Amino acid sequence: MTWPMLFGVLSLMTFQLADSAFVGQLGQEPLAALGFTVPMQQLISGMYVGLGIATTAIISRTLGSGDETRAHRLGGLVITVGAALAFLLVTGLWLLQEQIMTLLGAEQALLPVIRSYWAPWLVAAWTGAMLYFGYAVCRSHGDTKLPGYLMIATSLLNIALDPLYIFVFGWGLPGAAWATITAFTIGALIVFPTLLRRGWIRFDLKQVRPVRSLRQLNSIMAPAMISQLMPPFASMLATALAAGFGSAAVAAWGLGTRLEFFSIVVVLALTMSMPPMIGRLLGAGELGQIQRLVGIAVRFILGWQLFIGLVWLASSGLVSRIFTQDPQVAPVVANYLVRVPLSYGPLGICMLMVSTCNALGMSLRALLISTLRLFACYLPMLWVGSQLGGLTGLMTGALAGNLLAGTMAWLVYRRGMRRLEKQPAA
């Protein structure tokens, strides 16, 4: 179940990096404007990933009980609720764009560039959310191939359309968003007819007792969503810290964040594929097998992410020149790659522990891990680093914060497992 999601998520990260590379050719201001949207994109994705976690848990559990009709109606309920939530969120971001840019510390010269990009980017975000809800329903039924293949296809299409829309048509920065809208719309026109044809979504929602079902979804979705929404809030604060060092720092920080998404793609795939496995083992009462499974994943993540960090370290100068030609931004990107990627292993452990705790029914413990990671480890280290060492110290603080967070997450997970082992079998 992991391999299709691995290549699918990898392709998504690749098209985001390609967006940065193409936009980087337009100059520092468009790249900085793109960097200011990163926290907002994380905010939107936090909402739909939280709902996706609840979708996978509830629908797969319902299928396991043998009630396929209810599972199919739950799929329709998720699509309906998700569409409404995503619409309300992007509408709010549209209405509050001026206040958000002021809060993030955007320079006056950047505001016209950001305004031209904001509307098509929000449409792209809503389309992406709808596509993700379709993927979540597929995964809950055990199908990771269709989402994986569609992620690859839409990403390749996006990369192909980027130069056409940005340079050939002369749309500039908004062209990157329109390329995403086109690709995601085509993906949605494939996945939703497939779900309807398979009967995995039904919209006779009165039969599913919507109030009761929404409460069931919310019991998992609310803690998971809060947990997912914390990183974008922290990203906003981190971007504001970087903005204190100028537009070049924001551009470099935004690019570095996108490189981070690309670097932890294996972890992201594991967080999608492991929860159904853990849930089945939990239902069978095989806690020892769960611990062995998680132990294997932890060792793999630490080794793999250390390798990725060393690759970025060795190629930092070359990579920074590939993604931007700006003489002010490139050295900052290189400085970022020398430090922060070395902490991606502990960061991956933290992400895996959040996903594992949600799958084990310990959603509040998962929320605790996310809270401590960001507000007791990452952000304090960023602030201390920026105060002691300026922009370089900010990046060293990110390294220290991730190392501390990974250790903390493992300890909280182990304590939760010991408590779970003491409980009588349900």
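## T37, the core and a surface patch

The side chain of T37 reaches the backbone oxygen of L34 at 2.6 Å, a polar contact (N or O atoms paired within 3.5 Å, one able to donate a hydrogen and the other to accept it; residues adjacent in sequence count only if both atoms are side-chain atoms). This is a predicted model, where local features need pLDDT of at least 70 and side-chain atom pairs pLDDT 80 or more, while totals for chains, interfaces and linings use all residues. Numbering runs from 1 along each chain as its sequence is written, and side-chain values use heavy atoms, leaving out hydrogens and water.

T37 sits in helix α2 (residues 28-64); helices are DSSP runs of H or I, at least four residues, numbered from the N terminus. Buried means under 20% relative accessible area and exposed over 50%, partly exposed in between (1.4 Å probe, protein chains only).

| Residue | Relative accessible area | Class |
|---|---|---|
| T37 | 1% | buried |
| V168 | 62% | exposed |

V168 belongs to helix α6 and helps make a nonpolar surface patch of about 660 Å², alongside L26, L164, F167, F169, W171 and W178. Helix α6 (residues 145-168) gives this patch its largest share, three residues.

Now for the inside. The largest nonpolar core (buried Ala, Val, Leu, Ile, Met, Phe, Trp, Tyr and Cys joined through side-chain atoms within 4.5 Å) has 145 residues, and M353 is among those with the most contacts inside it. Helix α15 (residues 363-422) supplies the largest share of this core, 18 residues. Beyond its neighbours within four places in sequence, M353 is in contact (heavy atoms within 4.5 Å) with V294, V298, I369, A409, W410 and Y413.

Key
Helices (H or I, at least four residues) and strands (E, at least two) are DSSP runs, numbered from the N terminus. Patches are made of residues with over 30% relative accessible area and no salt bridge: like charges are joined within 9 Å, nonpolar side chains (Val, Leu, Ile, Met, Phe, Trp, Tyr) within 5 Å. Accessible areas come from the Shrake-Rupley method with a 1.4 Å probe; for residues, only the protein chains shown count as cover. A salt bridge is a side-chain nitrogen of Lys or Arg within 4 Å of a carboxyl oxygen of Asp or Glu.
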